[in-house]
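Here is a short report on one protein model. Look at the structure first, then read on.

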Amino acid sequence: MRTTRPLAEPERNSGEPVTTDPLEGLRSAAHGAIDGERIVEAVRLLAAGPSARGAERAAADRLAEWARTRWPQISWRRDAIGAAGANLVATSAQGDADRPRDVPGGRALRVRELLLYSHLDTSLPGDPERDRWTTGVGTAPAPLTVDRESGTLAGFGLGVARAPAAAVLAGYAAAVTALRNAGVPHRLTLLLAGGGTHASPFAATPESAAPVGVEEYLRSGPRPDAAVVAKCGPPGILYEEPGAAFVRVRLGTGYRPVLARDAAPPAGGLIAHLGEVIGVLERWRERHVAARAGVGGQIAAEAGIGAVRGGLAAKPDLLPGVVELHLYLVTVPGDDVARIAADIRAALETGLRGGPLEGCALSVAARTAHPSGATPPDAPVVRHAAAAWTREHGAAPPPISGWKGSTDGVVLRGHGVPTARVGPAVRADPADPRRDVIELDTLLRFARIYSEIVVRHVVYGESAIEASQS
């Protein structure tokens, strides 16, 4: 069994360096254990049923039962969260990983934990009646297809997390197996969480009220020392990530039926003048985004109106007394969401002054989902991710700028966990843009990247750190 000396610093003999590279042996063993058929099986299980935000329990149960039979040396558990949500957690701790180790000099060394993370839920649940207001399609998406001849997978929700979740599961299991067989001390966790996609609290639905799985995990256990987020994204290594917030703009007026529309305040009703409100908000957005140009190194700000609500579809003979516009904000460092909401209100008050909507009741409310976060680019987990990318692709990861995708990976940074995000890119199925297409070779490549990050974390000294000094 390894002592507290890192594997990257082997014992010297008669002044001559030891040439054996422990990384190479572990890497070879891990890569050899990655099986494309198991990745396909994992994707099939993830795609076998809906896994809407807050309703991931069936998917977690399917995957846990399957994984236990294939990797019994790893501990697999399903943690219930909320009414129907779930986290799937895999853990492996070996050697010194289960306790602090006292060494001469009054120090205590412990094995550092690396968390590999993705999530189980999809942005849309796949219910055509619900989703058609976003997708414009009223039929259910076709089930997952695997084309053996071309080596491609196509299905609903692959680009959100299902494809990288399958790859990171395979990479994690392969790396753990190699480390356990070699008797190397480690503490490694895989978390496939529920509640990973953003949902506005202003919707007041069970989906929007579902707990965030990674927050539940961090609340119930010790904080990991580093994390890798496996989600589809830009080519390269993200060590910065924008935040996310929701804004609700509400306009109110008196009740009137359509037959009295000319007497309504405003004349014609709120919806007849909605274009003026949208115009003000779009002009505000242009100023807002321009003012934040260049603020983030890898990331950029964005804002947009994603939903409009007003009136009763069953009673269109009644003019709505309230109209709501719901905005999504992509935030960058320095953003104050309350101040942004005040800025939106001021823009609306100025823009609507003197017009038919001036006398309407106006309110602007905002809620932060997660603030933006950054990990130093020289943090070990970022360096390991970049080295793994370089080895697998034969070139350094390309630089990233202007990225506007926020995930719950920022929760980990908010808890002080150095985090890198890396994952494959997908393309839309030309026959149905709700479905994503990805090559199995790409998933195999990223499974190897994830396994390489794990092995590098263990081999190059970040697995053993000084916890205290007397």
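Start on the surface. Ala204 is exposed, because its relative accessible area of 70% is over the 50% cut-off. Ala204 sits in the loop between strand E8 (186–193) and helix H6 (206–209). Its backbone is worth a look too: Ala204 has a positive phi of about 55 degrees, although this residue is not a glycine. Keep in mind that the model is predicted.

A second backbone feature lies in another loop. The peptide bond from Pro265 to Pro266 is cis, with omega near 0 degrees. Where is Pro266 found? Pro266 belongs to the loop between strand E12 (256–257) and helix H8 (274–291).

## A four-stranded sheet

Now turn to the strands. Strands of a sheet pair through backbone hydrogen bonds, and the pairing is either parallel or antiparallel. Here, four strands form an open sheet in the order E13-E15-E11-E16, with antiparallel pairing. Which strands form the edges? They are strand E13 (302–310) and strand E16 (361–370), and each of them pairs on one side only. On average, neighbouring strands of this sheet are turned by 20 degrees against each other, direction ignored.

Take one pair of strands from the sheet. E11 and E16 run antiparallel to each other and pair over nine bridges. Val249 has its bridge partner in E16, and that partner is Val364.

## Aromatic pairs

Next come the rings. A pair of aromatic rings is described by the distance of the centres and the angle of the planes. How many aromatic pairs does a search of the whole structure find? The search finds five. One of them is Trp66 with Trp71. This pair is edge-to-face, with 5.5 Å from centre to centre and 85 degrees between the planes. Trp66 counts as buried, at 7% relative accessibility. Trp71 is buried as well, with a relative accessible area of 7%.

Another pair joins Phe246 and Tyr328. Their rings are tilted, at 5.6 Å centre to centre and 55 degrees between the planes. Phe246 lies in strand E11 (residues 243–252) and Tyr328 in strand E15 (residues 322–331), so this pair ties together parts that are 82 residues apart in sequence. Is each partner buried or partly exposed? Phe246 is buried, with a relative accessible area of 9%. Tyr328 counts as partly exposed, at 28% relative accessibility.

Return to the tryptophans. Trp66 and Trp71 form one aromatic cluster together with Trp76. Trp71 also has a charged neighbour: Arg38 lies over the face of its ring, at 5.1 Å from the ring centre.

## Salt bridges

Charged side chains meet elsewhere too. The count of salt bridges comes to 26. The table lists three of them.

| Acidic residue | Basic residue | Closest N to O distance |
|---|---|---|
| Glu392 | Arg445 | 3.6 Å |
| Asp429 | Arg435 | 3.2 Å |
| Asp432 | Arg434 | 2.8 Å |

Consider the bridge between Glu392 and Arg445. Glu392 lies in helix H10 (residues 380–393) and Arg445 in helix H12 (residues 440–459), so the bridge ties together parts that are 53 residues apart in sequence. Why does Glu392 count as buried? Its relative accessibility is 17%, and buried means under 20%. Arg445 is partly exposed, with a relative accessible area of 32%.

The bridge between Asp429 and Arg435 has two buried partners. In the bridge between Asp432 and Arg434, both residues are buried. Some salt bridges share partners, and these join Glu24, Arg27, Arg391, Glu452 and Arg456 into one network.

## Helix H12

Finish with the helix that holds Arg445. An α-helix has 3.6 residues a turn, so residues three or four places apart point the same way. How does the span of H12 fit its 20 residues? At 1.5 Å a residue, H12 should span 28 Å. Its end C-alpha atoms are 28 Å apart, which agrees. H12 is also mostly covered, as 16 of its 20 residues are buried.

Key. Residues are numbered from 1 along each chain as its sequence is written. This is a predicted model: local features need pLDDT of at least 70, side-chain atom pairs count only at pLDDT 80 or more; totals for chains, interfaces and linings use all residues. Side-chain values use heavy atoms; hydrogens and water are left out. A salt bridge is a side-chain nitrogen of Lys or Arg within 4 Å of a carboxyl oxygen of Asp or Glu. Helices (H or I, at least four residues) and strands (E, at least two) are DSSP runs, numbered from the N terminus. Buried means under 20% relative accessible area, exposed over 50%, partly exposed in between (1.4 Å probe, protein chains only). The expected span of a helix is 1.5 Å times one less than its number of residues. Rings of Phe, Tyr and Trp (its six-membered ring) pair if their centres lie within 6.5 Å; planes under 30 degrees apart count as stacked, over 60 as edge-to-face and the rest as tilted. A charge sits over a ring if NZ of Lys or CZ of Arg is within 6 Å of the ring centre and within 35 degrees of the ring normal. Two strands pair if DSSP finds at least two bridges between them. Axes are lines fitted to C-alpha atoms, for helices over the stretch in contact, and angles run from 0 to 180 degrees between N-to-C directions.
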